[in-house]
Each structure stands twice: as C-alpha cells, then as structure tokens.
Amino acid sequence: MLSTQSRLADISAQVEAGQRVSYDDGVFLAEQADPLVLGRLANIVRERKNGNLAFYNTNIHLNPTNVCVYRCVFCAFRSDLKAERGYTFTDDQIRARVGEAKAAGATEIHVVGGLHHQKPFDWYVNIVRVIHEAYPELHIKAWTAVEINWFSYLTKKPTKWVLEQLIEAGLGSMPGGGAEIFHPDIRDKICEHKADGTGWLDIHREAHKLGLRTNATMLYGHIEEPWHRVDHLCRLRELQDETHGFQTFIPLAFHPENTGLDHIQKPSGLTDLSVIALSRIMLDNFDHIKAYWIMLGEKTAQVALGFGADDLDGTVIHELIYHDAGAKTPEGMTVPQLHHLITEAGRVPVERDTLYRRVHREGATWRSGEPIRA
Ligand code: V47
Ligand code: SF4
C-alpha cells in the first residue's frame with residue numbers, strides 16, 4: 001500500500017508525463033489532494049494545451065420560457081404555467097433581443113429554457129429559424145440534450161430526426177446543460193424525470209455523429225460526493241475518446257437560493273477551484289475548461305485561470321438561470337472588463353467564436369478567422 005505522499009508523487013509524475021489519470025487515482029485526488037496541489041497539476045495540463053491564452057466569447061443567453069414540465073430540485077428558474085412569474089417570449093421579443101445582441105457585436109446566441117408542455121416541437125424549431133433567418137451570421141448554440149430528449153418524446157420521433165430538423169433550421173452547436181450528475185444515485189434524487197445519464201450521453205454521441213460540436217457540464221456542490229464527480233468526468237472522457245465532439249467542459253457551481261435545496265451552503269471558492277482543477281486533470285481529451293464567470297463570480301473565475309481554466313465564456317447578457325438562484329454577479333460584463341481580468345491574471349485575452357476560431361473585430365463588426373492554436 002502506497003503512502004498518501006508517494007501516491008500523490010506517482011500521480012503528479014503521470015500528469016507531468018502527459019499520461020491519463022485513472023478513475024481510482026481521480027477519486028484519491030478528489031478526496032485527499034490539497035487544492036493548491038491540484039491547481040499546480042491542472043496548470044501543467046492547461047499550459048500544455050492552451051499556453052498562456054485565455055478565451056472569451058461575445059454572446060447572449062436567451063431563455064425563451066421559464067415554464068417547465070419538470071421540477072428539478074436544484075432549479076430556481078422554472079415556473080408553473082399559471083404562476084405569476086411564468087413567461088414565454090413571442091417571436092418579436094426574440095427578434096428584438098437578438099437584434100440588440102447583434103448591434104452590440106455578439107457572435108453567438110445561447111438558447112436554453114424550460115420544457116413548456118403546451119408548446120409543440122415546431123415552436124422550438126421556429127425559435128432557431130427566426131434567429132437564423134434574421135441574423136444568419138450569428139452562431140446558434142441551442143437546446144440541451146434534455147430538451148432534445150423532450151422533443152423526441154413530444155414528436156415520437158428518434159433523437160436523430162429531431163437533431164436533423166434543428167440543424168436544417170439553423171442550429172450550429174449544442175450547449176452542455178442538463179448533465180447535472182450522471183450517477184443514478186444522485187440523478188434520481190435531484191432530477192428524476194429528465195433524461196438519465198446514458199440518455200444524455202447518447203444524444204451527444206448522436207449530435208457528434210451528425211457533425212455538431214457540443215459542450216458538457218457538471219452541476220456540483222449539492223448532495224453529490226467527490227467520487228460522483230470523478231465518475232461523471234470519466235463517463236464524459238469515455239465518450240470523447242469515441243467521438244472527439246466535445247469542445248469545452250463547464251463545471252457549474254450549485255446556487256441554492258430559491259431552490260428545494262436551500263438548506264445547503266453554496267460551494268466555497270476552494271471547492272470551485274478544486275473542481276475546475278480536477279476536471280482539467282481528468283479530462284485529458286477535452287481542449288478547453290470553462291470558468292463560467294457569471295456563476296463563479298469574477299474573482300474566482302479570474303483565479304481559475306491559474307487552476308486549469310482557459311475560457312471565461314463571454315459577455316453574457318440576459319442570463320436568468322443563476323440569477324433566479326441568487327447569483328450576485330452582474331448580468332453582463334464588457335470586453336474591457338474581461339480583458340482587465342485576464343491580463344491581470346497574467347494571461348493573454350483572445351476573443352473566439354463558438355468553434356474556437358479567432359474573431360477579428362472592429363467595434364460591433366467582426367469576422368471569424370483561423371482556428372486558434374496556442
Ligand atoms: O443544466 C440550474 C444548471 C444549467 C442551477 O454549454 C444551476 O457553454 C447552479 O448548461 N445553480 C444550464 N446551476 C446552464 C448551462 C451552461 C451555462 C454556461 C455555458 C454553457 C455552455 C452551458 O444550469 C442546467 C443546470 O445544470 N443550473 N439551476 C442552480 N440553482
Ligand atoms: Fe426544467 Fe431545466 Fe429547471 Fe429542470 S433545470 S426544472 S428541466 S428548467
């Protein structure tokens with residue numbers, strides 16, 4: 001039996017040599033390693049993959065409805081149909097929001113919302129079509145695997161068919177939401193109704209086969225144990241070995257306010273940094289790890305650039321999911337503010353588009369250039 005110190009030394013040597021860390025060693029790191037040790041190892045992987053670059057994206061989040069048939073216990077965003085806070089955007093409201101984003105120079109529209117039980121699949125396809133027809137140059141990253149699963153249920157058609165309809169309407173890629181924690185011990189307690197872990201992974205496999213790039217997330221800091229996080233990361237790593245279709249992994253810190261888990265304390269800064277670092281170490285086949293500043297707060301996101309993260313997401317306007325759950329961050333950040341955070345952390349800011357190509361920009365006018373290499 002190795003002592004803790006020598007086991008840590010062995011794992012460190014593996015990471016330094018660019019070797020994969022096993023599930024068991026991942027659990028050991030998650031349960032026993034000091035955050036600063038994790039950070040040092042994660043930074044090695046980060047700099048090997050992305051050098052000194054730190055990416056950001058000029059985008060908006062559009063949540064077309066908060067009415068949702070499900071009742072995930074961690075969610076403060078959803079509403080019942082007849083509740084006062086329930087809302088559903090019209091096409092004109094969507095066009096107006098996207099128009100504002102376009103005028104402000106956005107390159108991406110991130111669309112995700114509730115599963116509105118009175119809306120047919122066509123309503124969701126139409127949102128993509130309305131945006132695409134009005135602004136074909138904007139990349140539409142829309143609908144999580146949970147939504148795709150719901151559309152398949154609504155239409156009684158296979159998920160492949162659902163994805164093909166959305167691609168035809170203008171879908172450019174898929175966000176990573178709805179992954180939560182894959183392990184059924186946890187998933188069945190926090191979101192029992194929605195697509196299970198295998199279902200979520202199958203839909204991303206399907207999307208990758210159709211040529212869509214997608215992201216992946218993990219919701220941490222609620223009722224899961226450290227080994228559930230490692231299990232989640234290993235399941236993602238396995239699919240990525242098969243398809244290479246994931247672009248970015250985004251660990252999402254649980255915000256308890258206004259949720260069914262409001263007795264739980266939100267994760268500390270050190271937990272946030274440890275989870276980001278663990279993700280960077282375990283996901284050796286993912287190019288990017290995102291520190292989503294809107295959920296972490298600007299300060300932790302900035303420090304995360306030294307703990308494995310290479311991306312801060314973007315200038316995210318009109319975000320509701322975290323703000324309904326008590327996030328105190330502003331709803332948007334300007335480009336000079338993002339640049340300041342990144343350069344102060346000793347990194348070089350690079351604006352990217354959704355597919356990690358360099359954005360060449362003059363004010364609100366931009367074009368996508370070459371894929372970015374560190
Ligand atoms: O799936 C819901 C999470 C996700 C809470 O792909 C909560 O680039 C914390 O997936 N506290 C949606 N988290 C957001 C998402 C995302 C965000 C940024 C970038 C990308 C990307 C994807 O938000 C949900 C769920 O996991 N969530 N409620 C809460 N109270
Ligand atoms: Fe609905 Fe998504 Fe909230 Fe779950 S997390 S209740 S699916 S809006």
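**Close-up 1. Phe151 and its aromatic surroundings in the predicted model.** Phe151 has a relative accessible area of 0% and is therefore buried. Its partner Phe121, at 6%, is likewise classed as buried. The two rings form a tilted pair, with 5.2 Å between centres and 45° between planes. Phe121 belongs to helix α5 (residues 121-134) and Phe151 to helix α6 (residues 145-155), so that parts of the chain 30 residues apart are linked. Both residues belong to one aromatic cluster, together with Trp123, Tyr124, Trp143 and Trp161.

**Close-up 2. The pair of Phe55 and Tyr356, from a count of 14 aromatic pairs.** The ring centres lie 5.6 Å apart and the planes meet at 85°, so the arrangement is edge-to-face. Phe55 is part of strand β1 (residues 53-57), whereas Tyr356 sits in the loop between β10 (348-351) and β11 (357-362); the pair therefore ties together parts 301 residues apart in sequence. Phe55 is buried at 2% relative accessibility, and Tyr356 is buried at 7%.

**Close-up 3. Asp310, in the loop between α13 (298-304) and β9 (311-314).** Asp310 is buried but has no salt bridge, the nearest side chain of opposite charge being that of Arg280, 4.4 Å away. The side chains of Asp310 and His288 are joined by a polar contact of 2.7 Å. Residues touched by Asp310 include Arg46, Asn50, Phe55 and Asp287.

**Close-up 4. Helix α10 (residues 226-243) and its packing partners.** The helix has 18 residues and spans 26 Å from its first C-alpha to its last, close to the expected 26 Å. Among its buried residues are His228, Asp231, Leu236 and Gln240. The buried residues of α10 pack against elements including α2 (23-32), β6 (213-220) and α11 (269-282). Just after the helix, His244 adopts a positive phi of about 55°.

Conventions. Residues numbered from 1 in each chain as written. Chains lettered and ligands numbered in written order. Predicted model: local features only at pLDDT ≥ 70, side-chain atom pairs only at ≥ 80, totals over all residues. Heavy atoms only, no water. Helix = DSSP H or I, 4+ residues; strand = E, 2+ residues; numbered from the N terminus. Expected span 1.5 Å × (residues − 1). Buried < 20%, exposed > 50% of the residue type's maximum accessible area, 1.4 Å probe, protein only. Contact = heavy atoms within 4.5 Å. Lys, Arg positive; Asp, Glu negative; His and termini not counted. Salt bridge = Lys/Arg side-chain N within 4 Å of Asp/Glu carboxyl O. Polar contact = N/O pair within 3.5 Å; in protein donor to acceptor, adjacent residues only side chain to side chain. Phe/Tyr/Trp six-rings, centres within 6.5 Å; stacked < 30°, edge-to-face > 60°. Lists of a residue's contacts leave out its neighbours within four places in sequence.
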